[in-house]
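Let's take a walk through this one together. Open the viewer, keep the sequence beside it, and follow along.

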Amino acid sequence: MSVLSQLNVIQVSGLTQRVNTLEGSLTILSDINFSVKSGESVAIVGASGSGKSTLLSLLAGLDVASQGEVHLDGDALSTLDEEARAQLRAEKIGFVFQSFMLVQSLTALENVMLPAELAGDHDAKAQAVELLDKVGLSHRLAHYPSQLSGGEQQRVAIARAFIGSPKILFADEPSANLDSKNGHLIETLLFDLNKQNGTTLVLVTHDEQLAKKCQRIIHIEGGQLEKISEGAAANVG
Amino acid sequence: MWVKLAFKLFSREFRRGELTIIFAAIALAVLTVFSLSAITERISLNIAHKSSDFIASDRRLSSNHAFEPQLLKQASQFGLATAQMLYFDSMLFANDELVLGSVKATTAAYPLRGKITIKDNLASKAYEVETGPKAGSVWLSEGLFYTLKVNVGDTVELGAGNFNVTKVLVKEPDAPFFSLSGNKRVLLNYADIETTQAVQPGSRVFHRLLFAGNEQELSDYYAWLKPQLKSNQNWQGLKDRQSPLGNNLDRAERFLLLAGLFGIMLAAVAMAVSAKRYCERQYDPVAMMKTLGGSRKVIRNIFLLHLSLVTTFSIVAGLAVGFILQTIGADYLATFMGTELPQAGVRPWLLSAFIGLVCALMFSLKPLLDLFDIPPLRVLRRNLGDTLAISRIHIGLSMLTIFVLMWLFSGEIVTTLILFASTLVVIAVLFALSRLLFAAGRKLGLRPGSSWSLAIATLQKRANANAIQLISFALAIKLMLFLVVLKNDIISDWQMQVPADAPNMFIINIAKEEVEPIKQFFNKHNIAHEAFYPVFSGRVDAVNGEEFARRVSKQEGEEKDESAREGVSREPNLTWLTSLPEGNEITEGEWFTDGGTGDDIEVSVFDGWQETLGLKIGDTITLLVNEQPIDAKVTSFRKVDWGSLKPNFVMILSPNMAGKVPVTYFSAAKLHDRDTKGISQLLQRYPTISMIDIKAQIEQAQSIIAQVSLAIGFVLSIVLVSGALVLISQVQASLAERMQEVVILRTLGAKGRLIKLATLYEFMLLGGIAGLVAAIVSDVALLVIQQQLFDISGRLHPYIWLLGPVSGALFVSSIGYFMVANTMRQNTQGLLRKLG
């Protein structure tokens with residue numbers, strides 16, 4: 001592995017994803033190649049059905065590609081089984097989802113602690129309290145998701161994403177379910193925390209304005225990589 | 001670390017009510033099995049104990065030969081209490097009167113169960129004692145006092161000995177329900193047999209050994225005894241005896257068994273559905289945990305710990321509630337019966353805990369395996385892993401488990417198979433029906449926007465889920481209907497056996513010229529009575545000219561006679577009749593040709609004797625009546641209900657017998673206390689007639705029937721509660737699934753009334769269809785079960801064809817309406833947040 005590729009925390013080569021349907025095989029992603037450097041923020045944009053969420057699932061090891069390879073921090077995902085990929089996610093990846101995906105039976109604090117607890121971290125609580133304080137929810141620690149507003153739930157999800165100091169953060173339409181005010185708040189929070197922690201951010205969105213806040217933008221169209229452009233943050237980074 | 005997380009998740013899930021249904025289902029299975037088996041065991045122990053009175057012991061060994069002393073010795077070594085009895089007929093003599101009495105000689109331990117009822121003199125009140133007369137004295141039945149013209153304190157000659165008459169014998173616990181010799185009974189001390197010199201080699205005597213002890217001791221002893229039993233020795237328990245009680249006990253036990261099986265089935269249905277639902281609700285958290293790096297092993301450990309915790313809690317809760325329930329029930333029954341119920345052993349505890357454990361494991365196994373397999377990708381593709389229909393493996397595994405549980409609980413493969421098969425039929429019919437119905441509904445094209453069209457649309461949309469719901473509703477309704485109807489049938493059948501106006505006194509030895517005056521006496525005193533039957537006794541001498549003794553040994557014949565027909569004298573009582581008596585049923589052949597008025601004498605024989613004597617239709621039986629041979633052609637075999645407490649006959653001859661043999665007449669009457677004086681006058685006027693009081697036997701039978709009926713009612717109510725809980729949990733489960741639709745409809749501005757009415761109609765349709773199918777299948781299954789297991793003539797019950805759908809529709813729709821109305825009270829935003 002070259003020095004350059006070592007700097008690339010994500011290396012995607014020839015990535016293709018096909019699914020079997022009643023009408024035969026359907027190609028969702030076709031021969032995708034790109035790389036993401038450590039600490040970089042990248043947006044994946046495209047219209048609905050373009051294949052961006054599928055790309056995210058393959059990058060995060062949630063699914064296995066039909067063809068091609070994803071190297072995540074040096075590990076080739078195709079060589080790892082489900083358990084090893086889970087282990088990799090536990091150690092190096094954080095997630096923020098459009099639908100928050102909080103465990104309804106756990107409080108805000110417990111939801112944030114969850115990844116650390118699954119990884120066997122004994123310091124989970126202190127880290128979670130600190131992160132919830134950073135997202136402005138120190139007064140909501142014992143609240144359950146159903147007692148929080150949508151914006152608050154997503155802030156809990158962001159705090160959860162940063163626990164354990166992941167190397168890479170995947171965010172899937174993080175502000176799509178929120179009103180513009182809360183959306184902006186969440187986006188700011190996400191980028192601020194990303195900067196503070198030096199995390200690599202991979203953001204899937206159809207919102208061009210949000211994408212521009214990243215350093216690079218990967219355009220997906222019809223399952224193919226259309227182009228890679230620079231975002232507004234390119235010069236800042 | 002995962003343990004802490006698992007406990008935290010468990011406590012939260014429990015508090016949120018996510019585990020309530022699964023907890024309730026296991027607890028329900030445990031409490032149903034526990035309370036039913038404990039109550040059943042306690043009642044059975046009590047009934048068996050009380051019923052043992054009827055044979056004055058728990059088991060008895062009969063023979064017409066003396067027993068080896070070793071049998072008694074060994075019984076004592078097995079820890080059993082024993083008593084000896086000897087029956088023989090002997091002449092009694094006093095005041096120049098001579099009469100043949102039926103003597104029962106007993107050792108001091110007799111009776112081992114029950115008590116002997118005696119009177120100090122003819123006019124005094126009866127009371128109970130625990131042992132028979134002392135050596136040198138005898139107790140005589142009332143009839144003998146009149147015949148021999150003796151009083152208490154007088155001396156009678158019995159065989160070669162003189163005995164002091166010390167008491168009036170009213171009743172022994174093992175007195176036969178009906179015996180023509182019943183009025184001339186003598187109770188003698190066993191030690192005095194020799195004094196009478198009545199028992200000589202070749203005498204007709206019947207020996208009995210009585211045993212009492214716990215079931216284990218009795219079965220251990222029987223295991224020892226069985227290999228050495230001789231052909232003339234007959235081992236009997238209460239159930240072997242052809243009596244109304246034996247049959248009723250059997251039926252009661254079968255009913256309780258069925259009720260228990262149904263309880264298990266209901267709880268199992270609830271468990272299978274709730275386990276699946278719970279696991280489905282965990283799909284998102286599990287996908288999330290996997291995404292966040294949770295390994296399969298950690299997730300498996302977390303949920304297996306959840307299962308262990310919920311199983312432990314629910315088993316403990318089920319046992320606790322079951323214990324309270326059965327204690328309350330047993331106390332209530334005990335108060336009603338005026339007795340204390342013996343405590344149940346460890347079996348109900350072990351059985352119910354084991355069944356709870358099996359339920360928990362087997363019904364959650366497949367849903368849990370599915371849960372462990374949920375892919376992390378579900379966090380992005382929200383419907384990944386969703387399965388609308390329950391998998392075939394889950395269905396197969398659940399059915400196998402239910403079958404094994406039923407078999408385990410009942411220990412009866414035939415009953416289990418019948419119930420299981422009928423349940424499968426319900427499932428198949430309902431599945432096909434629901435498919436047809438939902439397909440047909442689609443074509444109806446109801447007006448959009450109406451509650452009905454919304455209800456139909458919802459039913460169609462959720463065809464698979466509804467089919468499953470329909471099946472579980474129908475199963476619950478079927479099981480409940482089944483038990484309600486069966487209970488009514490069994491109890492009414494019992495009540496018919498001993499109707500309130502059943503005769504309580506048999507009048508025998510009536511001379512022909514006495515018939516009319518006695519009839520007039522009954523009419524004058526408004527005493528209800530049966531017909532006057534001509535009675536004579538005779539012995540079967542030959543069949544088709546071949547002497548009977550050579551065909552069947554006398555010993556064998558007597559043994560079968562003795563064991564099969566407790567209430568019938570050894571020399572059969574014969575009569576002639578023009579028509580088949582009530583309660584008899586021709587099993588083979590025809591009733592007398594031309595009303596039995598032709599030249600040939602015909603005979604209808606009790607079917608129990610068909611095999612004993614090796615008879616077939618057309619055979620000629622030679623009867624010796626007063627040493628006069630009478631040839632009769634066998635034209636039919638009859639089933640006789642010996643438990644009916646009505647006059648029954650082994651052989652009924654055709655009416656052309658009239659005038660050929662000397663006869664006495666026999667009748668039965670229902671006497672009241674007010675008739676006592678008149679009856680004494682009657683007995684004084686006609687001293688040769690004898691009265692046999694069977695009031696006590698009838699009262700005893702009625703009391704046991706009442707007791708068993710009450711027990712059945714109690715057990716039924718437990719099963720009904722279980723059934724209702726299953727229906728509630730089903731509606732609750734389905735409503736939770738409907739939440740999303742309710743929220744969407746609400747958000748889109750649908751009025752609460754529209755949604756509530758749509759739910760009401762939807763559940764009304766589901767409940768109604770389920771109830772109708774349940775009623776039809778119950779009725780068919782009842783036909784089979786009643787005939788096969790309960791020996792009740794099967795019949796259809798049209799009222800449940802209405803009761804099923806109406807009660808199903810009402811019950812299911814009202815729960816559904818109540819629950820959806822409850823949901824509608826929350827605002828839409830609150831509902832949306834709950835959906836997460």
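What follows starts with the ground rules, then moves through each chain and the contact between them.

This is a predicted model, so to speak of local features we need pLDDT of at least 70, and side-chain atom pairs count only at pLDDT 80 or more, while totals for chains, interfaces and linings use all residues. Residues are numbered from 1 along each chain as its sequence is written, and chains are lettered from A, with ligands numbered from 1, in the order in which they are written.

Let's begin with chain B. It has 23 helices and 24 strands; here helices (H or I, at least four residues) and strands (E, at least two) are DSSP runs, numbered from the N terminus. Of its 836 residues, 46% count as buried. For the cut-offs, a residue is buried if 20 or more other C-beta atoms lie within 10 Å of its own, exposed if 12 or fewer, and partly exposed in between, with C-beta atoms placed from the backbone. If you like contact maps, look at residue pairs in chain B that are in contact and at least 6 apart in sequence: 85% of these contacts join residues at least 24 apart. Two residues are in contact if their C-beta atoms, placed from the backbone, lie within 7 Å.

Leu148(B) is a handy place to see such contacts. This residue lies in helix α4 (residues 142-148) of chain B, and it counts as buried because 23 other C-beta atoms lie within 10 Å. Leaving aside residues up to four places away in sequence, Leu148(B) touches Leu92(B), Ala94(B), Asn95(B), Glu97(B), Val99(B) and Val156(B). Take Asn95(B): it is 53 residues from Leu148(B) along the chain, yet the two C-alpha atoms are separated by 6.5 Å.

Now look at Asp96(B), in the loop between β2 (81-94) and β3 of chain B. Asp96(B) has a positive phi of about 65° although it is not a glycine. Is Asp96(B) buried or exposed? It is exposed, because just 7 other C-beta atoms lie within 10 Å. Further along, Pro111(B) sits in the loop between β3 (97-106) and β4 (116-119) of chain B, and the peptide bond leading to Pro111(B) from Tyr110(B) is cis, with omega near -5°. For context, most residues other than glycine have a negative phi, and most peptide bonds are trans.

Next comes a helix pair. Helix α10 (residues 347-372) and helix α11 (residues 392-410) of chain B pack at an angle of about 170°, with their axes 9 Å apart. Axes are lines fitted to C-alpha atoms, for helices over the stretch in contact, and angles run from 0 to 180 degrees between N-to-C directions. α10(B) and α11(B) are therefore roughly antiparallel to each other, a label for angles over 145 degrees. Where they meet, α10(B) contributes residues including Leu351(B), Ile355(B) and Phe363(B), and α11(B) contributes residues including Leu397(B), Leu405(B) and Phe409(B). By class, this contact has 11 nonpolar, 3 polar and 1 charged residues. Ala, Val, Leu, Ile, Met, Phe, Trp, Tyr, Cys and Pro count as nonpolar, Asp, Glu, Lys and Arg as charged, and the others, Gly among them, as polar.

On to some strands of chain B. β15 (residues 539-543) and β20 (residues 620-625) run antiparallel and are joined by 4 bridges; two strands pair if DSSP finds at least two bridges between them. Val540(B) stands opposite Leu623(B) in β20(B), and Leu623(B) also stands opposite Ile630(B) in β21(B). β20(B) pairs with β21 (residues 628-639) in the antiparallel sense over 6 bridges. These two strands form a hairpin with 2 residues between them, and Asn626(B) in the turn has a positive phi of about 50°.

Over in chain A, an open sheet of 4 strands has the order β2-β1-β4-β5, with antiparallel pairing. Its edge strands, β2 (24-37) and β5 (75-76), each pair on one side only. β1 (residues 8-21) is joined to β2(A) by 10 bridges, and Val19(A) has Leu26(A) as its bridge partner.

Finally, the chains meet. The contact takes 28 residues from chain A and 27 residues from chain B. On the side of chain A, α2 (52-59), α3 (82-92) and α4 (108-118) each supply at least two residues, and α3(A) gives the largest share, 6 residues.

Key: Angles under 35 degrees count as roughly parallel, over 145 as roughly antiparallel, 65 to 115 as roughly perpendicular and the rest as oblique.
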